[in-house]
Amino acid sequence: MNIKRKISRFELLMDAGFGAQKAGDILISAFAKMGKYVYIEPMIPAEISPPPRTRPALSGVIIRLGDLDLTNIGNDTDLILASHEIVLDRRLDDGETNEKAQVLLDMGDQKNNGESYEQVLKRLTKMGLKVISFEITAEAQDAIKVLGGKGKNMYYLGMLSAIYNMPNTILVEEIKATFGKKLKGDILDKNIAIFQLGYDFAKTNIPFSFDIQGVPHGKEQVLIDGNSALSLGVIHAGIKFFSGYPITPASSIMHNLARLLPSYGGMVHQAEDEIAAIGAAIGSYFGGVPAVTCTSGPGLSLKQEFIGYASVAEIPLIVIDAQRSGPSTGMPTKTEQSDLPAAIFGSHGDNTKIVISVANVIDCFYAPLVARYLAERLRLPVFIMSDFQTANSYKVIEKPKMADIKTVDDIPDFVLERFRLKRLPAKIEMVRDSQLNPGTPGGMRRVTGLNTDAQGKVNYFSATNQRSHQVRNEKVHHVKRCLTEPERFGGDSGEILIIGWGSSRGSIEEAVNNLTKEGVKAGGMHFKIVHPLPEKKMLTDIFSKYKKVVTVELAYGDPLKHPPLMMLLRDETLFDVNCIICRATGRPLQPANIAAKAREEIAKTYESHPSKVTV
Amino acid sequence: MSTTQQEPQKITIKDLQTENPRWCVGCGDFGIVMGLKRFMVDQQLPLENTVNVSGIGCSGRAPNYINTYGVHAIHGRPITVALGLALARPDLNVFIHSGDGDALSIGGNHLIHGINKNFNCVFIMYDNELYALTKSQTSPTTRIGHKTNTQPRGTYLEPLNPIRLALGIGASFVAGTADWMPDHFTTTLNAAFAHKGFSFVHVLQRCPHFDPHNFQHKETAWFSFLRHDKGIAPDKRVADKTEIIDHDPSNLEQAFKFANEKRKYFGLFYHDPAKPRYDDILIRQTKDTPQASLDTLFNDYRIE
């Protein structure tokens, strides 16, 4: 049975350390080559090799592919391939399969774990999921044994390639491209042989396949993940200095730039800690050399004192925060959007900074340029907020247009427009009149975190300090006044307006489109620049056209706690903004979930409670 | 086009003034900043190419009182800012001002890695053996038994030994001097500046306000000078008043011996001009890497 689909989603579930991620990467490259669009979500434990056959060992990939551009990971899975019953059981907890989903379960471990298998099979029956149990063929088992137990991923890769009607030649090419340099000839051949055995096995033994059309992509199309796009964006923006400290999920930005930045006249400094990393970026920017530092949750906490310092000392600064699930160490390999308050309000005292966010890999590419423009024009810290999902999601995109950036004013209009920003005024007042770079004769000046007058002289006078605050805040207000209407989806009036920021864009757009198709009058709205928000009137004019205004956020909230975006919008507009999704499960937002919650919300009538957070 | 060659103006102490320092009368920091200015005049260092970077504390204020570029950063972290500056702008002369609390307590981690990275700067450690700007608390170098506001029954532990610490981490240049010996201080800065790498200069600094009897700056019997033709000459004013020991600054073992003694030694403990420099390596790497064009930026991500 060949099932024709526009979009399909499947999962490969294995123990960490056995190459599920590699198999996923190879598959999406092959899909991209065949003209399909992909969206991938890696499920990775925070440890390198947790004990196999345990629930924490789950390492897998969710892949959504289609013949149209995909903006998010989607809702439900059509197919799961699991290497044993325990990782499958763990994943079933998330309840992301559709009612027709098929489960391919490798029975190889059943011999010694009969009871455990039986329980999970019962659970599958209860859930109404169809199971096809299989065993890796003896011939393939022997080859896997030769490889020291590795190579199962190649077998599964073969099976999935066959089920998704991929030509095996394309896959063999991809395997060679991936391992060709690393593996010796005979080992590479063994891997390819195992792949082929899996492919043949599925062709003969799996009674169905999925057919997703695709028109081969043009030469100008690339397959790229969020962190890589950010890395290339840093280079494109003319940033010459990167300093960081290893932290998941931001590290791969440092890996990319360590490889690439010297070829573009820059350098990468791996600092001794998060504080040293931001300190060095500040030092570089004080010297007039554009710099960026990059981190995730715990590192953001550590960097806070320097962030406040940079705003007071008026040293430009760019901080990339690839958000993960917090607080504290939290879930390093899961996604969340809960660093927003720490970015906006973090560091002590009144804080002035700009917070921009990225919704997809194209945003990732342009965000460093926007951040540099704002940081240098305002001499303030600028955040780029990404998250685990965006950092690791691959997408097929048209190679982004590039510009020759000599100074920040060379930023093209289309980039500013993408972030819903107009050009800043030509003259922006600084706390200190002189902002010359070292090396400029006659311009010698000292910066300090102490309060100073316009000449840069330290003082503790009431009026001077008040002025410093006013000038710093006015810089942020300039941005507020330069914000144009945020991106909108669906109807411009109706029952409900669904609002998000950062990586939630794709899911909101898809949910609103689906609701509209169903005849529900729904609108969507997405912020790329999250701080400052547009002026009150711009927002309330939009809000007042909908009966209900709600946020969807990957941050915790409950009826007694407003999640961050809801809180900010309420404060900004005094509007009765509610929240319909405030999840801290580590799972990305899903369109079907948003649509379902929106329908529920539309149906509800409230009495007098001032704020409503749906849990 | 005719050009009029103008003789560059000679830099004088006056050119280096900014405002009257807000330190207590008799503070050793005056001597250190004046010594640095004398050194800059001796060397005729262009003001615009010099950056003084500091942390927090009385010493942290120093850059504000020297007319160069300056970064008065946050507590304990001047090394991090200075390193970013040294990497991005190797044309600048970088001086770091850091107190005993700043360098050894809150900023200890950065000191370890600054020394190990051996990037080019002169690190001046102002050691008054207590926290002064916050009004007399025990610091890592406070002598045992000394009463402070946080350890009022007397400081509990033996102090950290900054010279030994620097030697132990593998500093390429370790010297000791004092704020009240202007000649020795300036000579020390000359040697530290001539060394390309992380020059660790430990300075005993008086704090007449909170610990007036600590350093017997009028006495000389409690210290000796280390002397060598590759080292730092003893202070002219007091050279004949105390012991002078010949010490080869390439002798690390002997340097440790001096550092371990209770007695104080001023001069060049250790010097290794050959230690590799992190800044040099990174800058050279960028210089030696063939430059790519933006057109090739996405090459690794092409689909075909």
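The following exchange covers two sheets and the contact between chain A and chain B in a predicted model.

Biologist: What kind of model is this, and how are its residues and chains numbered or lettered?
Modeller: Residues are numbered from 1 along each chain as its sequence is written, and chains are lettered from A and ligands numbered from 1 in the order in which they are written. Local features need pLDDT of at least 70, side-chain atom pairs count only at pLDDT 80 or more, and totals for chains, interfaces and linings use all residues, while side-chain values use heavy atoms and leave out hydrogens and water, in a model that is predicted.

Biologist: Which strands form the edges of the open sheet of 10 strands?
Modeller: Helices (H or I, at least four residues) and strands (E, at least two) are DSSP runs numbered from the N terminus, and two strands pair if DSSP finds at least two bridges between them. The order is β17(A)-β2(B)-β1(B)-β3(B)-β4(B)-β6(B)-β5(B)-β9(B)-β7(B)-β8(B), with mixed pairing. Each edge strand pairs on one side only, and these are β17 (446–448) of chain A and β8 (244–246) of chain B.

Biologist: Which residue of β2(B) is the bridge partner of Thr448(A)?
Modeller: Strands β17(A) and β2(B) run parallel and are joined by 3 bridges. In β2(B), the partner of Thr448(A) is His72(B).

Biologist: At the other edge, what is the bridge partner of Arg227(B) in β8(B)?
Modeller: Strand β7 (residues 223–227) of chain B pairs with β8(B) in the parallel sense, over 3 bridges. Within β8(B), Arg227(B) has as its partner Asp246(B).

Biologist: What angle does helix α4 of chain B make with β6(B)?
Modeller: Helix α4 (residues 108–117) packs on the sheet and is in contact (heavy atoms within 4.5 Å) with β4 (121–127) and β6 (198–204) of chain B. Axes are lines fitted to C-alpha atoms, for helices over the stretch in contact, and angles run from 0 to 180 degrees between N-to-C directions. The angle between α4(B) and β6(B) is about 135°.

Biologist: How much area is buried between chain B and chain A?
Modeller: The contact takes 54 residues from chain B and 62 residues from chain A. Buried area is the accessible area (1.4 Å probe) that two parts lose on being put together, summed over both. Carbon and sulfur atoms give 62% of a total of about 4,900 Å².

Biologist: Which three residues supply 18% of the area that chain B buries against chain A?
Modeller: No other three residues of chain B supply more of that area. They are Phe298(B), Tyr301(B) and Ile303(B).

Biologist: Which residue of chain B meets Glu272(A) in a salt bridge?
Modeller: A salt bridge is a side-chain nitrogen of Lys or Arg within 4 Å of a carboxyl oxygen of Asp or Glu. The count between the two chains is 2. At 3.8 Å, N to O, the side chain of Glu272(A) meets that of Lys117(B).

Biologist: Which element gives the largest share of the side of chain B that touches chain A?
Modeller: The elements giving two or more residues are β2 (69–72), α2 (78–88), α4 and α8 (278–288) of chain B. The largest share, 7 residues, comes from α2(B).

Biologist: In the open sheet of 5 strands, which residue of β22(A) stands opposite Ile499(A)?
Modeller: The order of this sheet is β18-β20-β19-β22-β23 (chain A), with mixed pairing. Strand β19 (residues 494–501) and strand β22 (residues 546–553) of chain A run parallel and are joined by 5 bridges. Opposite Ile499(A) stands Thr551(A).
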